[in-house]
Amino acid sequence: FNCEKAPFNNPKVRQALHYGLNTDKLVDIVFDGNAEAATSYLQTTHPDYIKASTQYPYDPEKAAALLKEAGVTELKFELLSTDHDWVKECAPLILESWNKIPGVKVTLQHLQSGAFYANNVDVGSFSVGIAPGDPSVFGDDLDLLLSWWYRGDVWPKRRFRWANTPEYAEVQKLLDEAVKNPAGAKEAWTKAINIIAEQAPLYPIVHRKLPTAWNDKVLTDFQPLPT
């Protein structure tokens, strides 16, 4: 979300759109069951998995109620999507879900990744975007995985534009605390993940499974990377 652009600067609007997503339908139709609806920033197979205190089961009535609480009676915007095959397949189902919420009207534009970021996200000329993202390719280190999206200038400042909020500042303190005090890291990470889930400035919809295959008659003692 562009968290500097009204009404998406209101976390209730961001929450509403997450509640308005039929993620089970995405998992079944787009991924043929090879994904799971996000219950945290982390996937459930991560060794430090923490179930977030805020969950987003499909609940269009709650979505409508949250929009009403936010004072939004009519919500019209364009969803930008990268042109990755499986993201493109998700986009029509996301539109179908959101356009069922009373007062919501969403259109769609697919863009190549370069144009998605350089011409739209990085200059703030967007409302909502969907794209693939998987920092877990760098391993399981939770400080790295959280820092990838929620620290520094690239993502929270320039892209989803959340860096001027008190919640962002609190996440920075918690991530610093986790690094400085390893014994209390789990507690600090839990608090950070709960803030991120509740605020939903940039948040996963599903975690995709990556199938791996090999011939054990040719490769011995082989194990795939856990990503």
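Which residues does serine 81 touch, not counting residues up to four places away in sequence? This tour of a predicted model opens with that selection and then moves outward.

**Stop 1: serine 81**

Select serine 81, which lies in strand E2. Then display Val87, Lys88, Ala91, Leu108, Gln109, His110, Leu111, Phe116 and Ile130: these are the residues that serine 81 touches, leaving aside those up to four places away in sequence. Serine 81 has a relative accessibility of 0% and therefore counts as buried, since the cut-off is under 20%. Show the side chains of serine 81 and histidine 110 together; a polar contact of 3.3 Å links them.

**Stop 2: strand E2 and its partners**

Extend the selection to residues 75–82, the whole of strand E2. Six of its eight residues are buried, so the strand is largely enclosed by the rest of the structure. Now add residues 104–111, which form strand E3; E2 and E3 run parallel and are joined by eight bridges. One pairing to inspect is that of leucine 80, whose bridge partner in E3 is glutamine 109. To follow the chain from E2 to E3, select helix H4 (residues 85–98), through which the chain crosses; this β-α-β crossover is right-handed.

Next, add residues 128–130, strand E4. This strand also runs parallel to E2, and three bridges join the two. Here, leucine 79 stands opposite valine 128 of E4. While the strands are in view, the direction of the side chains deserves attention. In a regular strand the side chains alternate between the two faces of the sheet.

**Stop 3: the beginning of the chain**

Select phenylalanine 1, in the segment before helix H1 (11–19). Is this residue buried or exposed? Phenylalanine 1 is buried, with a relative accessible area of 11%. Its contacts, apart from residues up to four places away in sequence, are Phe8, Arg14, Leu17, His18, Phe126, Ser127, Val128, Phe160, Ala200 and Pro201. Valine 128, among these contacts, is the residue of E4 that was met opposite leucine 79. For a view across the model, select leucine 219 as well: its C-alpha lies 44 Å from that of phenylalanine 1, and the two are 218 residues apart in sequence.

Proline 7 is found in this segment before H1 too. Centre the view on the peptide bond between alanine 6 and proline 7, which is cis, with omega about 0 degrees. Then select cysteine 3, which is buried at a relative accessible area of 7%, and cysteine 90, which counts as buried at 6% relative accessibility. The structure holds zero disulfides.

**Stop 4: helix H6**

Move to residues 142–150, helix H6, and colour its buried residues: Leu142, Leu145, Leu146, Ser147, Trp149 and Tyr150. What do these residues pack against? They meet helix H7 (154–159), helix H8 (166–180) and helix H9 (185–199). At the N-terminal end of H6, aspartate 141 acts as a cap, with a side-chain oxygen 3.2 Å from the backbone nitrogen of aspartate 143. Just after the helix, select glycine 152, whose phi is positive at about 75 degrees.

**Stop 5: the nonpolar core**

Now select Leu75, Trp98, Leu146 and Tyr150, the residues with the most contacts inside the largest nonpolar core, which has 67 residues. H9 supplies the largest share of this core, eight residues. Focus on tyrosine 150. Beyond the residues up to four places away in sequence, tyrosine 150 touches Tyr41, Pro156, Phe160, Trp162, Tyr168, Val171, Gln172, Ile196, Leu202 and Tyr203. Phe160 is among these contacts, and phenylalanine 1 touches Phe160 as well.

**Stop 6: two positive phi angles**

Select alanine 200, in the loop between H9 and strand E5 (206–208). Although alanine 200 is not a glycine, its phi is positive, about 45 degrees. Alanine 200 is buried, with a relative accessible area of 0%, and is one of the residues touched by phenylalanine 1.

The tour ends at aspartate 221, in the segment after E5. Aspartate 221 has a positive phi near 55 degrees, and is likewise a residue other than glycine. Is aspartate 221 buried or exposed? With a relative accessible area of 82%, aspartate 221 is exposed.

Note on methods:
Residues numbered from 1 in each chain as written. Predicted model: local features only at pLDDT ≥ 70, side-chain atom pairs only at ≥ 80, totals over all residues. Heavy atoms only, no water. Buried < 20%, exposed > 50% of the residue type's maximum accessible area, 1.4 Å probe, protein only. Helix = DSSP H or I, 4+ residues; strand = E, 2+ residues; numbered from the N terminus. Pairing = 2+ DSSP bridges. Right-handed = clockwise from strand over helix to strand, strands pointing away. Contact = heavy atoms within 4.5 Å. Polar contact = N/O pair within 3.5 Å; in protein donor to acceptor, adjacent residues only side chain to side chain. Disulfide = S-S within 2.5 Å. Core = buried A, V, L, I, M, F, W, Y, C linked by side-chain atoms within 4.5 Å.
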